[in-house]
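Subject: Structure handover and findings

Hello,

Please find the structure below, for your own use. My notes on what was found in it follow directly after.

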Number of protein chains: 2
Amino acid sequence: MAARSAADASSQEDTRTRLLKTALRLFAEHGVEGTSLQMIADALGVTKAAVYYHFKTKDEITGAVAEPGLRELDVVIEEASRLRGRSARIDHLLTGFVDIVVRHRALIALFSRDPGVTRALTTSWSTRENFSSALMEMFAGAEGDAYRVIAAHAAITGIALTGGAPQFADVDDETLRTHLREVGRRLLGRPRAHGR
Amino acid sequence: MAARSAADASSQEDTRTRLLKTALRLFAEHGVEGTSLQMIADALGVTKAAVYYHFKTKDEITGAVAEPGLRELDVVIEEASRLRGRSARIDHLLTGFVDIVVRHRALIALFSRDPGVTRALTTSWSTRENFSSALMEMFAGAEGDAYRVIAAHAAITGIALTGGAPQFADVDDETLRTHLREVGRRLLGRPRAHGR
């Protein structure tokens, strides 16, 4: 029985993974708004009930698709918080944030052209309030100097939306990373890293 | 007859203006998505047909509400294009762009929390392709150096979304303007203006 349950759990995990991959492919093709749970079920060759077993709404699916990137950001924030010195924390966070944006640029592009996703992610983001304020606080400093807070916000939104902008889809990852890091450094008042 | 027509035209213009004001008030209260043409008609004390005479869809209304800001931007771009020297053009455009963002910050805040508006404005924005590319080209330079183009995009998105961010609603206009200009200057590699 134990073996059977483990097998079931693993096959369910596979279905969930396949489901998310299929959803992402359909989102890219039809937009998030233009994709229904039924279309996802059809593409997977399962019933709508089988999709429903894993995700009750499309918002849950977009949340799950975004989850890996948000988890990576959690890790980078955690790593940065353990470093000594504000400059070291900012540099680690900036490098990590830019890497995540570039790694998930196709997803950002997909989501930012689809208004419904903004709503879904805003909902899931607001449940992570500590998370987004940790990001801002680490970039801006806890003392909250007005320029720094505004520059940190501009850096986060500017880097994310530029990294995901369709007009830069043909810029290679390394070039995009280099320039987005430079955007962050200029806004946050950090010098270039050694050896670059 | 001519006098009568002029009076009619002027009264229709008034209705249109009142309609847009009412729509904006309802948008702020209920969100764009939560506001119907019927609600706008009720609040104005007119029939839905009277609203329909001026605007066929809610997208047309959001477009009309955004129009003054876009027109101001047209003027600033036109003014900048007549200046001699790239630096003078960038400085004029940056100052003008930041002024427009700060002047319309409540509208940007309202629109950016409402996903449906993104779609409506993207549609109207894409019909102004020359307009948005004029903005980018003037900030980045026609030669298209990769860093400059990316920094210009980050400046435009970062300034607009930070100017309209709800968490800065209590920052006064002059402070916000000063810091957003500094964001733009750092990204576009411009020195501080004299006397600031």
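**Findings**

In chain A, 67% of the contacts between residues at least 6 apart in sequence join residues at least 24 apart. Please note that this is a predicted model.

**Chain A overall**

Chain A holds 10 helices and 0 strands. Read from the N terminus, its elements run α-α-α-α-α-α-α-α-α-α. Of its 196 residues, 44% count as buried.

**The nonpolar core**

The largest nonpolar core has 68 residues. Within this core, A:Phe139, A:Val183, B:Phe139 and B:Val183 have the most contacts. The element that gives the most to the core is helix 9 of chain A (residues 146–163), with 9 residues. As general background, nonpolar side chains in soluble globular proteins tend to be buried together.

Take B:Val183 as an example. Setting aside neighbours within four places in sequence, B:Val183 is in contact with A:Tyr147, A:Ile150, A:Ala151, A:Ala154 and A:Leu187 of chain A, and with B:Ile159 of chain B.

**Helix 9 of chain A against chain B**

Two helix pairs between the chains involve helix 9 of chain A, and I take them in turn.

How do helix 9 of chain A and helix 9 of chain B pack? Their angle is about 125°, and their axes are 7 Å apart. An angle of about 125° therefore makes helix 9 of chain A oblique to helix 9 of chain B. The crossing of the two is right-handed. On the chain A side, the residues that meet the partner helix are A:Ile150, A:His153, A:Ala154, A:Thr157, A:Gly158, A:Leu161 and A:Thr162. On the chain B side they are B:Ile150, B:His153, B:Ala154, B:Thr157, B:Gly158, B:Leu161 and B:Thr162. Sorted by class, this contact has 6 nonpolar, 8 polar and no charged residues.

The other partner is helix 10 of chain B (residues 173–188). The axes of helix 9 of chain A and helix 10 of chain B come within 10 Å and cross at roughly 55°, so helix 9 of chain A is oblique to helix 10 of chain B. This crossing is right-handed. Helix 9 of chain A contributes A:Ala146, A:Tyr147, A:Ile150, A:Ala151 and A:Ala154 to the contact. Helix 10 of chain B contributes B:Leu176, B:His179, B:Leu180, B:Glu182, B:Val183 and B:Arg186. The classes here are 8 nonpolar, 1 polar and 2 charged.

**Helices 5 and 9 within chain B**

Helix 5 of chain B (residues 86–103) packs with helix 9 of chain B (residues 146–163) at an angle of about 25°, the axes being 9 Å apart. The two helices are therefore roughly parallel to each other. Their crossing is right-handed. From helix 5 of chain B, the contact involves B:Arg86, B:Leu94, B:Phe97, B:Val98 and B:Val101. From helix 9 of chain B, it involves B:Arg148, B:Ile156, B:Ile159, B:Ala160 and B:Gly163. These residues divide into 7 nonpolar, 1 polar and 2 charged.

**Individual residues in chain B**

Three residues are described one by one below. The contacts given leave out residues up to four places away in sequence.

- B:Arg89 lies in helix 5 of chain B. With a relative accessible area of 26%, B:Arg89 is partly exposed. B:Arg89 touches B:Ala80, B:Ser81, B:Leu83, B:Arg84 and B:Met138. The C-alpha atoms of B:Arg89 and B:Leu135 are 11 Å apart, with the two positions 46 residues apart along the chain as the separation.
- B:His92 also lies in helix 5 of chain B. Its relative accessibility is 28%, so B:His92 counts as partly exposed. B:His92 touches B:Val76, B:Glu79, B:Ala80 and B:Leu83. From B:His92 to B:Ser81, 11 residues apart along the chain, the C-alpha separation is 9.4 Å.
- B:Ala152 is in helix 9 of chain B. Is B:Ala152 buried or exposed? At 0% relative accessibility, B:Ala152 counts as buried. B:Ala152 touches B:Met136, B:Phe139, B:Ala140 and B:Leu188. The C-alpha atoms of B:Ala152 and B:Val51, 101 residues apart along the chain, are separated by 40 Å.

Regards

Key
Residues numbered from 1 in each chain as written. Chains lettered and ligands numbered in written order. Predicted model: local features only at pLDDT ≥ 70, side-chain atom pairs only at ≥ 80, totals over all residues. Heavy atoms only, no water. Core = buried A, V, L, I, M, F, W, Y, C linked by side-chain atoms within 4.5 Å. Buried < 20%, exposed > 50% of the residue type's maximum accessible area, 1.4 Å probe, protein only. Helix = DSSP H or I, 4+ residues; strand = E, 2+ residues; numbered from the N terminus. Contact = heavy atoms within 4.5 Å. Axes fitted to C-alpha atoms, helices over the stretch in contact; angles between N-to-C directions. Parallel < 35°, antiparallel > 145°, perpendicular 65-115°, else oblique. Left-handed = near helix turned anticlockwise from the far one by under 90°. Nonpolar A, V, L, I, M, F, W, Y, C, P; charged D, E, K, R; others polar.
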